[in-house]
Amino acid sequence: MAHPAAAATDLVVHRASHEVLHGVSFTLAPGSVTGLFGPSGCGKTTLMRTMVGVQHITSGRLELLGLPAGHPDLRRRVAYTSQSLSIYRDIPVRANVRYFARLHGLPDAAAEEAIAAVDLTPLAGRRVETLSGGEASRASLACALVGRPEVLILDEPTVGLDPLTRESLWSHFRGLAESGTTLLVSSHVMDEATRCDSVLLMRDGHFLADGPMDDLQERTGAPTPEAAFLTLVRAEAGA
């Protein structure tokens, strides 16, 4: 049986004096797409920042690819895109992706491959600031993909995008998983849960449930992912 790509046990994280994550536990299967769903402010971004080693762990355990989160050997194996655009806006897409390729010690050909993977080759010579929101998101994704990460952590990559762009990105996420990459994708748009192999439903710094969305809907008797989430919230409130 394959080891998990990521695993947390009783993970507690504070930001300043405020406890944000309250002893959460989870595993991510290799080559899967896991959705991290919950309302804004519930702890999704803090969890992702902890996974990439930029948030201090108060207690508990968190490993990626068998190594503690933040271990130096994970820098070339784990990639992360934040909610805000984290690439250079005043230079072309190609220059951005080539810069990240060189950080990995890779040739320009690797940058061209990453650009093509997100369907941006026709726009590669344009400055990022001239792109639409969806195009800029794909440029940021190309920068994350250029190092061919084993684990890809995406913080609300489809927020504010039109339906066609969202569809294109989710199709690409599925292709990455089929090639062996493990993805954790956060969102507060519950209909995207059906695109994932498994979901983590988060509220107020802890998980309400995890597992395939179909199973959670069957368990709650809810007709939609959103209804299932609300049913779980109500059940917790009445416990």
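How many bridges pair strand β4 (residues 59–64) with β5, and in which sense do the two strands run? Keep that in mind for the first view below; everything shown here comes from a predicted model.

**View 1. The four-stranded sheet, from edge to edge.** Here four strands make an open sheet, and reading across gives β2-β1-β4-β5. The pairing in this sheet is antiparallel. At the edges you'll find β2 (18–28) and β5 (67–68), and each has a single partner strand, so one side of each is left without a neighbour in the sheet. As for the opening puzzle, β4 and β5 pair in the antiparallel sense over two bridges. If you want a spot to look at, try L64, which sits opposite L67 of β5.

**View 2. Strand β1 and its two partners.** Let's stay in that sheet and look at β1 with a strand on either side, as the order β2-β1-β4-β5 tells us. On one side, β1 and β2 run antiparallel and are joined by eight bridges. One pairing to pick out there is L11 with its bridge partner V24 in β2. The hairpin made by β1 and β2 has two residues between the strands, and A16 in this hairpin takes a positive phi near 60°. On the other side, five bridges join β1 to β4, and these strands are antiparallel too. A8 marks a handy place to see this, standing opposite L62 in β4.

**View 3. The six-stranded sheet.** Now for another open sheet, this one with six strands in the order β6-β7-β8-β3-β9-β10 and with mixed pairing. Its edge strands are β6 (78–81) and β10 (206–211), each of which pairs on one side only. Going from one strand to the next, the twist averages 15°. Zoom in on β6 and you'll see it pair with β7 (residues 151–154) in the parallel sense, over four bridges. Within that pairing, Y80 has I153 of β7 as its bridge partner.

**View 4. Helices lying on the sheets.** Helix α1 (residues 44–51) lies across β3 (33–37), β6, β7, β8 (182–187), β9 (198–203) and β10. The helix runs at about 155° to β8. Helix α5 (residues 163–178) packs on this sheet as well, touching β3, β7 and β8, and its direction also makes about 155° with that of β8. Turn back to α1 and you'll find that this helix lies across β1 (6–15), β2 and β4 too, running at about 115° to β1.

**View 5. Where the two domains meet.** The domain assignment splits the protein into domain 1 (1–77 + 150–159 + 170–211) and domain 2 (83–148). Their C-alpha centres lie 24 Å apart. What do the two sides bring to the meeting point, counted in residues? Twelve residues of domain 1 are in contact with twelve residues of domain 2. The area buried between the domains is about 810 Å², and carbon and sulfur atoms give 51% of it. On the domain 1 side, R76, L152 and H172 supply 51% of the area that domain 1 buries against domain 2, more than any other three residues.

**View 6. Polar contacts between the domains.** Five residue pairs are in polar contact between domain 1 and domain 2. Salt bridges across this interface, on the other hand, number zero. Which elements give two or more residues to the side of domain 1 that touches domain 2? They are β7 and α5, and α5 gives the most, with three residues.

**View 7. A salt bridge between two loops.** Side chains of opposite charge can pair when their charged atoms come close. The count for this model comes to 15 salt bridges. One to zoom in on joins E150 and R77, whose closest N and O atoms are 2.6 Å apart. E150 lies in the loop between α4 (133–145) and β7, and R77 in the loop between β5 and β6, so the pair ties together parts that are 73 residues apart in sequence.

How values were computed: Residues numbered from 1 in each chain as written. Predicted model: local features only at pLDDT ≥ 70, side-chain atom pairs only at ≥ 80, totals over all residues. Heavy atoms only, no water. Pairing = 2+ DSSP bridges. Axes fitted to C-alpha atoms, helices over the stretch in contact; angles between N-to-C directions. Contact = heavy atoms within 4.5 Å. Domains from an automatic or database assignment. Buried area = accessible area lost by both parts, 1.4 Å probe. Salt bridge = Lys/Arg side-chain N within 4 Å of Asp/Glu carboxyl O. Polar contact = N/O pair within 3.5 Å; in protein donor to acceptor, adjacent residues only side chain to side chain.
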